[in-house]
Amino acid sequence: MSTIHLGLFLVLCLGVDFLKSSSSGILKRQKRRWIIESFEIDEGYKGTFPYKLGKIEIESDLIYFEISGPGIDEEPLDVLKINENTGVITVHRPVDFEHFQVLKVGFQALDSESHLIDTELGIEIQIIDANDNPPMFDRDRYEISTKEATSQGTELVTLTVTDKDKSEAYRSFDLKIVSVHPEPSDLEFYIIRRRQNGIISFKGCLDHEKAEKYTIIVEARGQGEGPQLSSSSTVVIHVEDGNNHLPVMTGQTGLDRVREGEENVLIKRLQVRDSDTQGTQAWRAKYRIQGDANNHFRISTDPETNEGLLFVEKPLDYEDGGVKNLTISVENEIPYATCKVVGRSTTGLWRVTTGDLAPETLGASVGLVTVIVEDVNEPPAFKPPQKEVALVENAEAGKHLETFTAVDPDVASGSTIVYKKGNDPADWVKVDPETGKITTTKVIDRESAFVKDSVYTVTLYAIDNGQPPMTGTATLIIQVVDENDNAPSLAVSAIDMCQSDGRSRANITGLDPDATPYGGPFTFQLKGTEAAGWKLDATQGYSVNLVKEPTVPSGEYELLLDVFDLQGMKASHNVSVTVCTCEDATSPNCHQRPAATVSVGVGALAVVFFGIVLLAGVLLLALLVSCEKKIFLFPDYRAEQNLMQSNSEKPGSDCTVAWPNFGKIPEKEPPNAGMWEEIHQSVSSTKQHYDWGSRASSFMNSRHRNPDIRWNYQTWGGGKGYSADQDFVGINNIVLSGKLKQRLSALQEPGEELGDYAPCVYAEEGSNAGTHSQLDAISICDTSPGPDLDVDLDSKFNDLASICLKRCNLLPNHA
C-alpha cells in the first residue's frame, strides 16, 4: 500500500512541474503585491469637486488596467475616478448617505507585459452621514372647518413631520407657530407635540363674526448637530357660524279670518330677524305652534325669506269656537350658544363662560297669533256615514234594510233635511225622504252584473235648505247572501270530435254562477240508449271528458247529459257532437272541410260545350220572340163560351210560361194543308194556361169550312200579313215553339200544380145514399147530322159539331 501512495505522489509532482514549465510563457502567478485600505466620503462636504480621496500604493512593475463598481459604472454614477499610472482616487460629486452608506469598488492589476496579476474585490469607501435634510411636513397645506361653538382645547388638526437623516443626532426637530392671520382676539392657537406629530388646538372662544377663517404658518426646525435646517406648512381653519344670535319675531301679515270648512289655506306670514350668517343652520328658523290641541294648523319655513308660513291643516268648525289663539315660538336649526373669556393663564386653558338658552325663555322669540273663524252653512253629517247589512237574494220586495240619520252641524240654523237616493245602479231600493229609511223595491239577485263579489252598494244624500243648500253623503253596503237558484250549465254544448283508431276524448265543463256550496264540483250523468259507444271518464268535478269508442262512425249525434250541482240540483242538457275525420286531431273542426281537387275530363268539357251551344240557341230564340204584350182575340162567334185546354182544375201552376205571338202568320194558306193538323196536335199537347192548340185548331177548321176566309194575322191580335214565300218560315217557328213548350212542361214537378188531386166520387144530386143511376152514354159518332135533324141550331154550334165529327173521323178532312 505504501508503495502505491509513493508512486501517486511522484506522478503528481512531475505533473505539476510540467504544467508550471509549460505555462510560464503565458501566465506568471505571483504573490499579492498591494493592500488597499478603506476610504471615507463626507456627504456634507461643501468644498469644490473633484478632490483627492486617496492613493493606492503599487510596485513599479505593475500597472492598473480597470476599475469598476458603485460610484464608477454603477449607481451612483460618475462619483469616483482613478489614475491608472499613479493609483490616485478622486471624488467628483457628493454622495447621499440616505441612499448609499458604502461603495465597494473592484480593480484588476496587470504587469508591464499586460499579464493579469491579481484582482482585489471589496475595496470599501464609507459614506459619512451629515445633517443635510430638514424635517418635512407630509403636506404643504392643511385646510379644515370647525364650528363656532367648538369648545377650547379641542384638537383641530394633526400635522405629521419626518426627517430623512439616518442618524438619531440629526433627526430631532421642533415645531412652532410662526404667525396667525388675522390676529386673534380672545383666542390663542397652540401646538401639542406627540412624537413625530404636532396637533393644533386653541384657547378662548371662536367667533365667526370676528373672523371667518384663520391662516396659521407652522415651522419644523431640526435640533441635531450641524446646521439647523427647517421647513414650514400652512394651516387654514374656517370658522363656521354658530347660533350666537337668536331669531327675533318682528311682525306678521296675512288674513285674520278664515271660513270654517276650509283646509290647506295660508293665513299668516310671520317675519323674524337673525344676525347670524344667512343660509346657515344658525340663521334658518324653526317654528312651533302652541295652543292647537286638535292640530288644525301647521307652520313651515320659507327657505328664501326665513318667514313662518301658517296654514289651516284641517277644517275649522265655527261651533267649536269662533276665535283661535295660537302661540308661535321660533328657534334655529342648531342650539343657541355663547362663549366669553373671563380669565387667561400661561399654562392650561383659559377661563370662559358659555350659555345655552331655550327659545321659549326669551320673549323676543315668541309671538301671539289670533285667528277668527267665520260661520258658513255646512253640509249635513251622517252618523255613522257608512252602514252594512246582509240580505238573502230573492227576498220579497219591500224588505226594510237600514235607516240613516243625518245631523246639521249648524245647530242654530234650524235647517230641514231631506233624504234622497244617490247611486243605485239596479234601482233595487227606495229611500224615505223624511226618515232616511231604506227598503227594497225589487227582488235582489246575487248573480246580477251590478253585484260585485256579493256586494251591492247604494249611496244616500242628505240635503239641507240652507243658503246655499249643502249635501251630505252616506253609503249602504248590502251583503247579498247566495241561494241555490241557478242550475248547472255547460260552457259549450256543441262539440267536434275526430275519428281515430282508439278512443277519442272531448272536454265538457260545467258552470254555475252560484257561490260555494251551491255550485261545483258537479256530478255528470250520460243518459239515453242513444249513448251507446259514448261514456264519461269521470262523473264528478268541474270538468269531465266525453269518451267516444272507435266503433262510432262519423256523423252528428245528440247526447243527453244530466248535470247536478253540490246540492243535487239537476239540469239536463243536449250535447251536439259531430264526429269527422280531422286533419289535425289536436284541434277538432268538423265544419271546415278541405277543398276537393277538381279533375276536368273530356266528358266534362263536352257537357260544358253542349251547354254553351244550348244557351246560344235559347238566346237566339229569345231574339225571335216578341216581348211586347199582345191581346189575342177569339173569332166573333155568337156563342159565349169557349173551351180551353188545361191540366188542372184551376188555371195556373208553379211553373207557368206565358207565350206571346211567336211569329207572324202568313196571310196565304200553306202549300201543304195536311201539315197544319200535325202542328195542331203538337201545339195542343203542351200543358199551359194559354190554349194555343185549341185556337189554332178552331181557326184551321173554320178555314176549311170557309175557303174565302183569309188567314189574317189581325185575327190573332193584329199585325201585317206575310206573302206566300214566307209561309214555310212561319210554320217552322210554330213547330219549334210547340216543341220547346213540351220540354218546359216536362220540367214541371209532377203533383205540385195547384188542384192536381186524385179524382173524388160524389153522390148524385137528389139521389138516395148508396144508389147510383146509370147515365146513358152520349156519342155523337153513332150518326152523322143530316137534313132530317129537326133542330134549328146556331151556325156556331154547327161549326163546333163539325170539328167534333172531324175528330171522330165522321167528316172528311176537307169538308
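A disulfide is taken here as a pair of cysteine sulfur atoms within 2.5 Å. In this predicted model, the structure holds 3 disulfides, and each can be looked at in turn.

Start with the link between cysteine 498 and cysteine 582, whose sulfur atoms sit 2.1 Å apart. The torsion about the S-S bond is -100°, which makes this a left-handed link. The two ends come from distant parts of the chain, 84 residues apart: cysteine 498 belongs to strand S36 (residues 494–498), while cysteine 582 lies in the loop between strand S43 (570–580) and helix H3 (602–624). Cysteine 498 has a relative accessible area of 7% and is buried. Cysteine 582 comes out at 18%, and because the cut-off for buried is under 20%, cysteine 582 counts as buried too.

That loop turns up again in the pairing of cysteine 580 with cysteine 590, where the sulfur atoms are 2.0 Å apart. Here cysteine 580 is in strand S43 and cysteine 590 is in the loop between S43 and H3, with their positions 10 residues apart in the chain. The torsion about the S-S bond of cysteine 580 and cysteine 590 is about -85°, so this disulfide is left-handed. Both of these cysteines are buried.

The remaining disulfide joins cysteine 205 to cysteine 339, with 1.8 Å between the sulfur atoms. Its S-S torsion of -65° makes it left-handed. It ties together distant parts of the chain, 134 residues apart: cysteine 205 is in the loop between strand S13 (197–204) and strand S14 (213–222), and cysteine 339 is in strand S23 (residues 338–343). How buried or exposed are the two ends? Cysteine 205 is buried, at 8% relative accessibility, whereas cysteine 339 has a relative accessible area of 38% and is therefore partly exposed.

Turning to the strands, one open sheet is built from 4 strands in the order S17-S25-S22-S19, and its pairing is mixed. Strand S17 (257–259) and strand S19 (285–290) are the edge strands; each has a single partner strand, so one side of each has no neighbour in the sheet. From one strand to the next, the twist averages 35°. Within this order, S25 and S22 stand next to each other. Strand S22 (residues 323–332) and strand S25 (residues 366–374) pair in the antiparallel sense, over 7 bridges. As for individual residues, lysine 324 stands opposite valine 371 in S25.

How values were computed: Residues are numbered from 1 along each chain as its sequence is written. This is a predicted model: local features need pLDDT of at least 70, side-chain atom pairs count only at pLDDT 80 or more; totals for chains, interfaces and linings use all residues. Side-chain values use heavy atoms; hydrogens and water are left out. Buried means under 20% relative accessible area, exposed over 50%, partly exposed in between (1.4 Å probe, protein chains only). Two strands pair if DSSP finds at least two bridges between them. Axes are lines fitted to C-alpha atoms, for helices over the stretch in contact, and angles run from 0 to 180 degrees between N-to-C directions.
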